[in-house]
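Trainee: I am new to this structure and should be grateful for a close look at a single part of it. Would you please take one helix and follow it outwards to its surroundings?

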Amino acid sequence: MAEIIGEETDQSHIGSVDVVPPETENNQTHAGYTGIPVMYYPINEDAARRAKEMNSFFDYVPGSATAEYRRCVDRAVRLAEQQKERADPIYHEKIDRLVDTYARKLAENMNKGYEISARVPSVMIAGASNFPTRKKEKQNAASDKNMEEWRQVQGLLDKIRSTGMGGIRSDHPHAIEQLEQKLERLENTQKLMKDVNAFFRKNKTLDGCPLLDGERLRRLKVSMEQCWYPEPKPFPTYQLTNNSAEIRRLKRRIEELKQNAETGFCGWEFDGGKAVANQEAGRLQIIFDEKPSDEHRAQLKANGFRWAPKAGVWQRLLNRQAIYAAGRMEFIRPLSGQAPSELQPKSGKKPERSMQR
């Protein structure tokens with residue numbers, strides 16, 4: 001068992017934490033959480049007490065195991081609240097689920113750890129005479145496994161920290177919605193930067209600008225004072241240029257995703273297997289009757305296809321780029337002899353290189 005942010009807790013001193021009463025049936029949630037209520041899962045106080053007695057001369061403080069657990073969950077909650085402030089609201093539900101998973105798995109791991117610690121007393125408690133060495137070795141092995149599971153549980157905190165921080169994947173079920181929301185924010189930012197610059201050109205000062213709050217106004221003034229341009233302005237030209245380029249990129253990507261959604265790609269059969277346009281999964285999947293040769297697997301990888309063990313297929317994101325990539329591999333050519341792109345509805349010119357992740 002350990003503290004959340006890399007701080008391991010010695011179970012022999014678990015009684016030193018602040019004690020809170022064990023949870024009751026009507027007191028199972030974290031009242032201050034801004035998202036969905038977080039369940040405090042039950043901690044086995046009896047197992048924690050036995051573990052303490054088996055490994056320490058100090059008395060167990062009732063409720064201390066629960067207090068440690070709740071403190072860890074509360075830290076995860078605070079981390080989630082901070083992440084919600086940074087991430088798009090569309091990711092908030094996922095953050096809530098990760099926090100609940102963390103709380104549940106941490107309780108399971110802690111309870112298992114107490115149960116393992118209570119199996120065999122320490123040599124200090126039992127004495128060296130007739131000490132069950134073999135049982136202790138098994139206990140140590142179980143403890144090592146439990147610690148590895150604890151590290152995996154702590155990995156959920158990294159997932160909370162990273163949720164919503166990456167790019168928007170094209171295969172996300174709400175990809176178009178997310179991109180449109182991002183586009184709207186960028187367009188609003190572009191308008192704000194232009195209007196603030198226009199206010200400054202007219203008044204030669206930012207004081208009294210109705211578009212800026214006090215903190216934003218202060219930061220812009222400091223930035224302009226530190227700028228080395230002869231005639232600085234609130235938002236330099238390069239900021240507007242870069243933002244405008246990102247707006248154009250997003251518009252192209254949204255249009256491409258909408259076209260892909262409307263196309264209705266179709267699969268085909270080839271000698272030794274078939275290609276499936278899995279619309280639900282958003283993947284072009286290649287299914288072979290037998291394991292492909294090393295050369296064919298190398299070609300699949302070179303064209304962006306990856307082996308998916310769970311599905312038992314070679315696949316990549318379903319879009320026109322995937323269709324054209326499949327057309328470059330002669331060994332999956334349709335039985336009709338046509339190119340895969342010729343089988344698709346609304347097939348046209350090969351699109352520009354995709355900017356998708």
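**A helix and its surroundings**

Mentor: Just after helix α5, Gly 164 takes a positive phi of about 85°, and the helix that comes before this glycine is the part I propose to examine. The model is predicted, and the protein chain averages a pLDDT of 81, with 80% of the residues scoring at least 70.

Helix α5 covers residues 133-162, which makes 30 residues. From its first C-alpha to its last it reaches 44 Å, close to the 44 Å expected at 1.5 Å a residue.

The buried residues of α5 are Lys 136, Gln 139, Ala 142, Asn 146, Trp 150, Val 153, Gln 154, Leu 156, Leu 157 and Ile 160. Polar as well as nonpolar residues may be read from that list, with Lys 136 and Asn 146 among its members. To follow such a list along a helix, it helps to recall that an α-helix has 3.6 residues a turn, so residues three or four places apart point the same way. What covers the buried residues of α5 includes α1 (45-55), α2 (64-86) and α3 (92-117).

These helices return when one turns to the largest nonpolar core, which has 31 residues. The members that touch the most other members are Tyr 69, Val 73, Tyr 102, Leu 106, Tyr 114 and Ile 160. The elements that give two or more residues to this core are α1, α2, α3 and α5, and α3 gives the most, with nine residues. As a general background, nonpolar side chains tend to be buried together in soluble globular proteins.

Ile 160 repays particular attention. Ile 160 is one of the buried residues of α5 and, as noted, one of the core members with the most contacts to other members. Leaving aside residues up to four places away in sequence, Ile 160 touches Leu 79, Ala 80, Gln 83, Ile 95, Leu 98 and Val 99. Apart from the core of the helices lies another core, of 19 residues, among them Ile 286, Phe 288, Ala 326 and Ile 332.

Ile 286 leads us to the strands. Strand β2 (residues 273-278) and β3 pair in the antiparallel sense over six bridges, and Ala 275 stands opposite Ile 286 in β3. Ala 275 is also the bridge partner of Trp 268, for strand β1 (residues 268-270) is joined to β2 by three antiparallel bridges. In a regular strand the side chains alternate between the two faces of the sheet. In β2, the covered face holds Gly 273, Ala 275 and Ala 277, and the uncovered one Lys 274, Val 276 and Asn 278.

On the other side of the pairing scheme, strand β3 (residues 283-288) runs antiparallel to β5, with four bridges between them. Here Ile 286 stands opposite Trp 314 in β5, and Trp 307 likewise stands opposite Trp 314. Trp 307 belongs to the pairing of β4 (residues 306-308) with β5, an antiparallel arrangement over three bridges. Four of the five residues of β5 (residues 313-317) are buried, so this strand is largely enclosed by the rest of the structure. Arg 283, which lies in strand β3, counts as buried because its relative accessible area is 16%, under the 20% limit. Arg 283 and Arg 316 are 33 residues apart in sequence, yet their C-alpha atoms are 5.4 Å apart in space.

Glycines with a positive phi also mark the hairpins. Gly 272, in the turn between β1 and β2, has a positive phi of about 100°. Gly 282, in the turn between β2 and β3, has one of about 70°, and Gly 312, in the hairpin of β4 and β5, takes one near 70°.

Finally, a word on confidence. Among the elements of the chain, helix α4 (residues 123-126) has the lowest mean pLDDT, 57, and helix α9 (residues 294-302) the highest, 95. Over residues 1-27 the pLDDT is below 50, although this stretch has 67 contacts in the model beyond near neighbours in sequence. The pLDDT also stays under 50 over residues 347-357. Where pLDDT is low, the predicted coordinates should not be read in detail.

Note on methods:
Residues are numbered from 1 along each chain as its sequence is written. Side-chain values use heavy atoms; hydrogens and water are left out. The expected span of a helix is 1.5 Å times one less than its number of residues. Buried means under 20% relative accessible area, exposed over 50%, partly exposed in between (1.4 Å probe, protein chains only). Contact means heavy atoms within 4.5 Å. Two strands pair if DSSP finds at least two bridges between them. pLDDT is the predictor's confidence in each residue, from 0 to 100. A nonpolar core is a set of buried Ala, Val, Leu, Ile, Met, Phe, Trp, Tyr and Cys residues joined through side-chain atoms within 4.5 Å.
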